[in-house]
Amino acid sequence: MTLHVAVIGSGPAGIYTAEALVKQSAEPVEVDVLERLPTPYGLVRYGVAPDHTSIKSIANYLRRVLELPEVRFLGGVTLGAHLSVEDLLGAYDAVVYCTGAMVDRKLGIPGEDLPGSVAATDFVNWYCGHPDVDPDRFTLDTSEVAVIGVGNVAVDVVRVLAKTADELRATDVPHEVLERLGDSQVKAIHMVGRRGPEHAKFTLKELRELGELANADVCVRPEEAVVLGGDFPRQIQGNIKVLQEWAGREPVGRPRRLDVRFWLRPVEILGTERVEGLKLERTRLSDDGRVIGTGEYETLPVGMVLRSVGYQSVPLPGVPFSEKTMTVPNEAGRVREREYVAGWLKRGPTGVIGTNKSDAAETVRTLLADLGGRPGAGRHGIDALLAERGVRPVTYEEWRAIEEAEGELARTLGRGERVKLVGLEAMLRASRP
Ligand SMILES: Cc1cc2nc3c(=O)[nH]c(=O)nc-3n(C[C@H](O)[C@H](O)[C@H](O)COP(=O)(O)OP(=O)(O)OC[C@H]3O[C@@H](n4cnc5c(N)ncnc54)[C@H](O)[C@@H]3O)c2cc1C
Ligand SMILES: NC(=O)c1ccc[n+]([C@@H]2O[C@H](COP(=O)([O-])OP(=O)(O)OC[C@H]3O[C@@H](n4cnc5c(N)ncnc54)[C@H](OP(=O)(O)O)[C@@H]3O)[C@@H](O)[C@H]2O)c1
């Protein structure tokens, strides 16, 4: 008897879960992938930076999973709005939650909510054309911007701010966003880490790209590039070497300047009506390895603060959630009877796309060990239930029509392979021409 499984979320974790479920040979399985957006691929579409085209091409692999005969894509269906956990457990043998981490972590400092203090999640959604964010949301009318955090998302955000619109023209950045980037007044970008170069979370390849920016000089202060001790893993040694090389470089007069700063923590975002500055405190590590302030302050005269200090999952209605770890508690992917979890919702917002493959495989092993060999109850009435509630899911073919419209738009505008359509309405119109 065939097992019928609902996977909630079509990011890498959801699609790798679907793949692992249907590609094993012990058990016949059919999978519905339910996604709140009309488009699949999660952060591969709405997170990976537009100029990282080779990483974006992972979508070609994920697409082949959605095209497997045992897998069905149902876009525009939200757990919590259109369907409840009970609905899903009534309709499927098992449910796997793969809804990722959609919101920003907070800094918890005064001024964080001022206009001009922006979560990286919003900024990334903006340049990626996510339907939750208005394309007119950011105007970049300030000359100095601070980016807090030294992870790979911060590096993406810095690169997009530092590049010219022309450099991004061949990417899929929505046209409205490209125009805003073209009008950008930004001259100085400060990327701020609260610890040293040896603690930075960015990876070497991503860091090196900053040194190759055609439109920006990269500057590091020699005193902040000093690293004591030396027995670091290769990646970190590589980061240190690159940063120390930059510390010896003189700016050559490129239009923009990127300052990579270390040992500074944000203590207050200044301003009354909007952001007018960022107050930082110099830091050091305490004997037990905590970041502590030294009481020495400096203020950056920035008009925008981009907070890139990590993502965070949100609870799903009816699904257990730990406020401590901000994940769904699980044992090797098992949440409760017939309920499972994979991806960022399972282990927190770290790891590259490929990490979700082994993570999904673990969850699928658990699921099959629990349910394999039992008679499946089957996929009962989910289509009728959605129809009754006035929800008409976006099919895989309809998603492909959206992709085609994006290709057509790129050709019309004389841009690269595709340009993202902005807004749910435009996508739905394109899906049903
Ligand atoms: C800005 C950014 C850039 C990144 N760039 C890279 C990179 O270049 N290379 C790399 O290897 N890794 C990159 N990563 C990491 C990678 O994107 C993640 O490891 C991966 O996307 C996590 O997969 P996931 O499926 O758990 O979550 P997601 O990709 O977030 O997928 C979750 C999906 O669930 C859907 N969903 C949410 N709630 C519901 C609901 N209630 N009902 C139905 N559906 C729902 C969402 O719409 C989304 O499609 C990046 C991450 C970020 C944040
Ligand atoms: N090209 C790629 O491969 C790519 C691109 C984007 C994202 N990703 C992956 O996606 C995941 C998420 O990336 P991310 O950049 O969002 O997260 P991340 O790697 O966890 O980096 C978060 C950064 O924020 C800092 N931070 C946290 N809290 C802070 C606070 N209160 N004040 C100041 N700084 C603070 C952290 O410093 P501390 O270390 O001191 O806590 C760290 O520098 C990572 O695994 C990343 O590798 C990969």
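## Glu27 and the loop around it

Helices and strands are DSSP runs numbered from the N terminus, a helix having at least four residues and a strand at least two. In this predicted model, Glu27 falls in the loop between helix 1 and strand 2. Is Glu27 buried or exposed? A residue counts as buried when its relative accessible area is under 20%. Glu27 has a relative accessible area of 12%, so Glu27 is buried.

Setting aside neighbours within four places in sequence, the contacts of Glu27 are Met1, Leu3, Leu368, Gly372 and Gly373.

## The surroundings of ligand 1

Ligand 1 has 33 residues around it. The ones that come nearest are Ala13, Glu35, Leu43, Trp344 and Ile353. By class, this shell holds 19 nonpolar, 11 polar and 3 charged residues.

Several polar contacts to ligand 1 come from the protein backbone. A polar backbone atom of Leu43 is 2.9 Å from an oxygen atom of the ligand. For Trp344, a backbone N or O atom lies 2.9 Å from an oxygen atom of ligand 1. Gly351 also places a backbone N or O atom by an oxygen atom of ligand 1, at 3.0 Å. On its own, ligand 1 exposes 1000 Å², and the protein buries 92% of that area. Helix 1 (12–23), strand 2 (29–35) and helix 7 (152–162) are the elements that each give two or more residues to the shell.

## The surroundings of ligand 2

Around ligand 2 there are 21 residues, the closest being Val150, Arg194, Arg195, Lys201 and Gly351. They divide into 9 nonpolar, 7 polar and 5 charged residues. Which element gives the most residues to this shell? Helix 7 does, with 3 residues.

Side chains and backbone both take part in the polar contacts here. A polar side-chain atom of Asn152 is 3.2 Å from an oxygen atom of ligand 2, and a polar side-chain atom of Glu206 is 3.0 Å from a nitrogen atom of the ligand. From Gly351, a backbone N or O atom lies 2.7 Å from an oxygen atom of ligand 2. Taken alone, ligand 2 has 920 Å² of accessible area, of which the protein covers 83%. Gly351 thus appears in the polar contacts of ligand 1 and of ligand 2.

## Nonpolar cores

In soluble globular proteins, nonpolar side chains tend to be buried together. The largest nonpolar core of this model has 92 residues, and Phe123, Met191 and Leu367 touch the most other members. Helix 7 supplies the largest share of this core, 7 residues. Another core lies apart from it and has 25 residues, including Val85, Leu89, Ala91 and Leu316.

Which residues does Met191 touch, not counting those up to four places away in sequence? The list is Val147, Gly149, Val150, Ala154, Val155, Val158, Phe202, Leu210, Leu258, Asp259, Val260 and Arg261. Val150, one of these contacts, is also among the residues closest to ligand 2.

## Helix 6

Helix 6 covers residues 120–128, and 8 of its 9 residues are buried. The buried ones are Ala120, Thr121, Phe123, Val124, Asn125, Trp126, Tyr127 and Cys128. Phe123 also belongs to the largest nonpolar core. After helix 6 comes Gly129, which has a positive phi, near 75°.

## Strand 16 and the loop before it

Two residues in the loop between strand 15 and strand 16 have a positive phi without being glycine. Met326 has a phi of about 55° and is located between strand 15 (311–312) and strand 16. Ala332 has a phi of about 50° and sits in this loop as well. With 35% relative accessibility, Ala332 counts as partly exposed.

Arg336 belongs to strand 16 (residues 334–336). Why does Arg336 count as partly exposed? Partly exposed covers values between the buried limit of 20% and the exposed limit of 50%. Arg336 is placed in that class because its relative accessibility is 36%.

Beyond residues up to four places away in sequence, Arg336 touches Val85, Gly318, Val319 and Pro320. Val85 is also a member of the core of 25 residues. Pro320 is 16 residues from Arg336 along the chain, and their C-alpha atoms are separated by 8.9 Å. A polar side-chain atom of Arg336 lies 2.8 Å from the backbone oxygen of Gly318. The side chains of Arg336 and Glu339 are joined by a polar contact of 2.9 Å.

How values were computed
Residues numbered from 1 in each chain as written. Chains lettered and ligands numbered in written order. Predicted model: local features only at pLDDT ≥ 70, side-chain atom pairs only at ≥ 80, totals over all residues. Heavy atoms only, no water. Near = heavy atom within 4 Å. Polar contact = N/O pair within 3.5 Å; in protein donor to acceptor, adjacent residues only side chain to side chain. Areas by Shrake-Rupley, 256 points an atom, 1.4 Å probe, with all protein chains shown as cover. Nonpolar A, V, L, I, M, F, W, Y, C, P; charged D, E, K, R; others polar. Buried < 20%, exposed > 50% of the residue type's maximum accessible area, 1.4 Å probe, protein only. Contact = heavy atoms within 4.5 Å. Core = buried A, V, L, I, M, F, W, Y, C linked by side-chain atoms within 4.5 Å.
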